[in-house]
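Reader: I would like to go through this structure with you and ask, for each term you use, what it rests on. Please set the value beside the cut-off wherever a conclusion depends on one.

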Protein chains: 2
Amino acid sequence: MAAVAVATRWWLLLMLSAAELGVAPAPQPPNILLLLMDDMGWGDLGVYGEPSRETPNLDQMAAQGMLFPNFYTANPLCSPSRAALLTGRLPIRSGFYTTNGHARNAYTPQEIVGGIPDSELLLPALLKGAGYASKIVGKWHLGHRPQFHPLKHGFDEWFGSPNCHFGPYDNKARPNIPVYRDQEMVGRFYEEFPINLKTGEANLTQIYLQEALEFIQRQQAAHRPFFLYWAVDATHAPVYASKPFLGTSQRGRYGDAIRELDDSVGRILRLLRDLGIAENTFVFFTSDNGAALISAPRQGGSNGPFLCGKQTTFEGGMREPAIAWWPGHIPAGQVSHQLGSIMDLFTTSLSLAGLEPPRDRAIDGLDLLPAMLQGHLTDRPIFYYRGNTLMAVTLGLYKAHFWTWTNSWEEFKQGIDFCPGQNVSGVTTHSQEEHTKLPLIFHLGRDPGERFPLSIASIEYLDALRRITPVVQQHQEALVPGQPQLNVCNRAVMEQDEPNPCGMWVWTGWVDGLGCSQPVSPAPHPPPPNPAGVLRMDVQPKLLP
Amino acid sequence: MAAVAVATRWWLLLMLSAAELGVAPAPQPPNILLLLMDDMGWGDLGVYGEPSRETPNLDQMAAQGMLFPNFYTANPLCSPSRAALLTGRLPIRSGFYTTNGHARNAYTPQEIVGGIPDSELLLPALLKGAGYASKIVGKWHLGHRPQFHPLKHGFDEWFGSPNCHFGPYDNKARPNIPVYRDQEMVGRFYEEFPINLKTGEANLTQIYLQEALEFIQRQQAAHRPFFLYWAVDATHAPVYASKPFLGTSQRGRYGDAIRELDDSVGRILRLLRDLGIAENTFVFFTSDNGAALISAPRQGGSNGPFLCGKQTTFEGGMREPAIAWWPGHIPAGQVSHQLGSIMDLFTTSLSLAGLEPPRDRAIDGLDLLPAMLQGHLTDRPIFYYRGNTLMAVTLGLYKAHFWTWTNSWEEFKQGIDFCPGQNVSGVTTHSQEEHTKLPLIFHLGRDPGERFPLSIASIEYLDALRRITPVVQQHQEALVPGQPQLNVCNRAVMEQDEPNPCGMWVWTGWVDGLGCSQPVSPAPHPPPPNPAGVLRMDVQPKLLP
């Protein structure tokens, strides 16, 4: 961290103001509240066209704030996206990827050896430089092992879990996922924190809501600027809701989960108003990746008019709902066509705090304040990776695919489908198809669903390719990939009361199939020593380093 | 018309009020303004989630009015839908269908012999009973021949054409489509009313806008209640826009057309405000059928998350954008989940005028005022027909398909696809598949995209079927089909200066293939005597009756 020279612009401003006015300084930088959903799709909110229109609070948030229809995550899977949000860097830089196979997504299952490297600078650590208190509520997903936990990477407080709420497990071959308060494990999912898979009932969103409200009130009372990262997961399979919300949605249990999250966001924003700090709190709502169509319709959401979903680099996999809210600063009811990225939340948050992003490394996030406050648009590319493979890039209204792939034929034949009901010939391919020499190019304005590739003989194609090529070349020439963190798994790293007897073998978890998800019906329970079955697992018996 | 006993509730109310107040009565029933788009899809407006969000006026109309996410047309093709709107009756009742083939859509090409029967009672004729002046601006589509024209069926004024703006034709074998002012032909498309197919430039929307504004101003000056049916067609292929709008949309030419229509709606609503009659004018915006995906992406729109498009009885073919606006009466910013139908505009308009619907015939339209003014929901079925075949029904959140069909294998192999990029096994079938004994049932709340049929072994399936079956039986038992109007075509009925030499043979036009549309690239021009080619034409050499 010594390498980071952060200019605390805010303090400078503060001191100048104090000097000018000749009074004791009172202002503080705005609070920052990032609301990150899990597997929620672009099409899941009323304001994004979901037909049942069951998100009145989020729709109102958009009416009072700014909507970003062209906002992207940094990876179609959870862990890498979350690493990208907190580091402002593509997962290929931070190491949140695998090289175990070509174009393979990977996340942090219980057995993962790697995690967020100490060399990465995370947003909460940087915000400390401007006096922020920070808390993560919910899912961490940047590594299980103690050295990777949030409090080791700048957060002051944590309530939540290192991983998805899969289960229930037997706590022998495989433990249930632990839940932490700060450094301390306070229970496990399905045990102290019950989730009823049959009814879908769980109180977790209410607990996460109370954690958020209490933290906000406490920081407000202490007159301390805060950073709250509310990383809830009710819309990730197995989806859940608390009793008052169960059975209330037209959309089934998935909709119940959305309704509870929408209600919770409404309560959080109301608290900010009630405490009189709405005008000093920047709030951003988004999701970690596209809806998991493999789990639809009962456990997965909607990507609206877009192609495919989670795990893919089509728009359905990476375009996200996004709303910015900051009354009195961001004008109400606006739409920004800025191409935005989850990594921008890093840079924008630093900017809000009066801090500069680190200068000793490549940062992919943009400061969105010019877009939000002055309506400026900045030309920038969006890169779509699977593993260490650059699958596609969007520049302006054009998207070029260098590789196309949904999921393998083997999986597809077994009913696993990342694009149910969708089939675009030569585009939604079940084998990895290379187009690096002549990319498939789509005009996302006319054809947001990526159904009609431009003719490679057209002038439009050539013009688009001419603009895209140097941007990709420049990106690739400058790219220094991080050490891949998601290559090696070992059951010995699972948090169990007893030593894990099977620590000698290594497997890579769900790097290919469902990634961070699990099938709605029986997951491997307990996982077989040499996992095989519905998912392609890329078993790689290596010795641990 | 003698058969209709209309109770003029409004006048009764008026006289009672006058008696109570002891003053001369001044109030008049609200003006009625129906804005009907052509081939515009559910997903084409920002408020319905279109990503480019280029419809600020319509989005604002929704914010000031009521949005209906579950609003349906009565047929996936233009002519039957428009007949349904103006009669309040399913096309199977009014005769706006064909029996030339099983489950075949049909419309009114230039050669059509039939049209709206004199026995049908149209909305403008009925509104006369409450003193309304009425005008249609734009596309009529209920028959070419003089006896079928709008002024023969209750309209006081007409500016527009009897058919789509296909062309240009040679005016020898086939005339260009005429444009009328009232009974008089004032020119033809591509001649006096130019449409530049190359640039997409046409001034028609501006002309239609001026016609609307002038009519509104004139009726307001005369203190006369008016019914204006604004049936514009810029979003029907070939799509067009006027110069100031060309090239302004992210979505290409289709988007340019939408932007001009959106701007026009904004101007109309502003005029109502400026004239001080907004609170006395009921406005409803909708479309005649789903977006024509066969023409996408350059000449066709978006059906959002729904399956397939125009010509099909999947949701993409028949679910429509719908906004009601009546300041001071309909509460602002509301969403109604009432299952609505284009036929409801008939009954609702009569209700607004204080009139009862005709009692001597079956009327399918509901009065939506209880939904709009008091938020009431009425349980009612939505029937989906192709020709005289009941393809599907929706009741509550369940939709049952009795027949599935997109378009034929022959067409599909030639590149004509009503569901591009979509393929749901056993659902988007290219042969006509019967499911009358065990319908395919979908839950439209969880699965609006009709991708996951319920298991026929599930209790949910059985419960849904148990509710749906008697509703369909009752419908079919009571149904008295009208005499089919769209079976017989004859070139002799084309409006030409010279007698048509080929009047002895008969064909049914585009009853199967593109229906009201034409292919973006070369249409049959002139049509061959025995039409064959890319479209299946159902040539049926019959003698005229």
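Reader: What is the area buried between domain 1 of chain A and domain 2 of chain A, and how much of it do carbon and sulfur atoms give?

Author: In this predicted model, about 2,300 Å² are buried between domain 1 and domain 2 of chain A, and carbon and sulfur atoms give 59% of that area. Leu307(A), Thr313(A) and Phe314(A) supply 25% of what domain 1 buries against domain 2, more than any other three residues.

Reader: Where do the two domains of chain A lie in the sequence, and how many residues does each bring to the contact?

Author: The domain assignment gives 29–378 as domain 1 and 386–478 as domain 2, and the contact takes 27 residues from domain 1 and 28 residues from domain 2. Their centres, taken over C-alpha atoms, are separated by 27 Å.

Reader: What makes the pair Lys399(A) and Glu315(A) a salt bridge?

Author: The rule asks for a side-chain nitrogen of Lys or Arg within 4 Å of a carboxyl oxygen of Asp or Glu. In the pair of Lys399(A) and Glu315(A) the closest N and O atoms are 2.8 Å apart, so the pair meets that cut-off of 4 Å. Across the interface of the two domains of chain A the rule finds one salt bridge, together with 12 residue pairs in polar contact, both residues being at pLDDT 80 or more.

Reader: Why is the pair Arg298(A) and Glu460(B) called a salt bridge?

Author: The side chains of Arg298(A) and Glu460(B) meet with N to O at 3.1 Å, and the cut-off is 4 Å, so the name applies here too. The rule finds two salt bridges across the interface of chain A and chain B, and it also finds 12 residue pairs in polar contact there.

Reader: How much area do chain A and chain B bury between them, and which three residues of chain A supply the most?

Author: Chain A and chain B bury about 3,000 Å² between them, with 57% of it on carbon and sulfur atoms, and the contact takes 37 residues from each of the two chains. Pro51(A), Gln250(A) and Arg446(A) supply 21% of the area that chain A buries against chain B, more than any other three residues.

Reader: Why is helix H9 of chain A described as largely enclosed?

Author: A residue counts as buried when its relative accessible area is under 20%, and nine of the nine residues of H9(A), residues 344–352, are buried, which is why this helix is described as largely enclosed by the rest of the structure. Among them are Asp344(A), Phe346(A) and Leu350(A). H9(A) is followed by Gly354(A), whose phi is positive, near 80°.

Reader: How do you know that the glycosylation sites listed by UniProt do not all gather at one spot?

Author: The unreviewed UniProt entry lists Asn203(A) and Asn423(A) under "glycosylation site". They span 221 residues in sequence and the farthest two C-alpha atoms are 38.4 Å apart, so they do not all gather at one spot.

Reader: Why are Asn203(A) and Asn423(A) called partly exposed?

Author: Partly exposed covers values between the buried limit of 20% and the exposed limit of 50%. Asn203(A) has a relative accessible area of 46% and Asn423(A) has 41%, so the term fits both residues. Asn203(A) is found in the loop between strand E7 and helix H6, whereas Asn423(A) is found in the loop between helix H11 and strand E18. Leaving aside residues up to four places away in sequence, Asn203(A) touches Pro194(A) and Ser242(A), while the contacts of Asn423(A) include Gly421(B), Gln422(B) and Asn423(B).

Methods:
Residues numbered from 1 in each chain as written. Chains lettered and ligands numbered in written order. Predicted model: local features only at pLDDT ≥ 70, side-chain atom pairs only at ≥ 80, totals over all residues. Heavy atoms only, no water. UniProt positions renumbered as here; feature names shortened; annotations may be inferred. Helix = DSSP H or I, 4+ residues; strand = E, 2+ residues; numbered from the N terminus. Buried < 20%, exposed > 50% of the residue type's maximum accessible area, 1.4 Å probe, protein only. Contact = heavy atoms within 4.5 Å. Domains from an automatic or database assignment. Buried area = accessible area lost by both parts, 1.4 Å probe. Polar contact = N/O pair within 3.5 Å; in protein donor to acceptor, adjacent residues only side chain to side chain.
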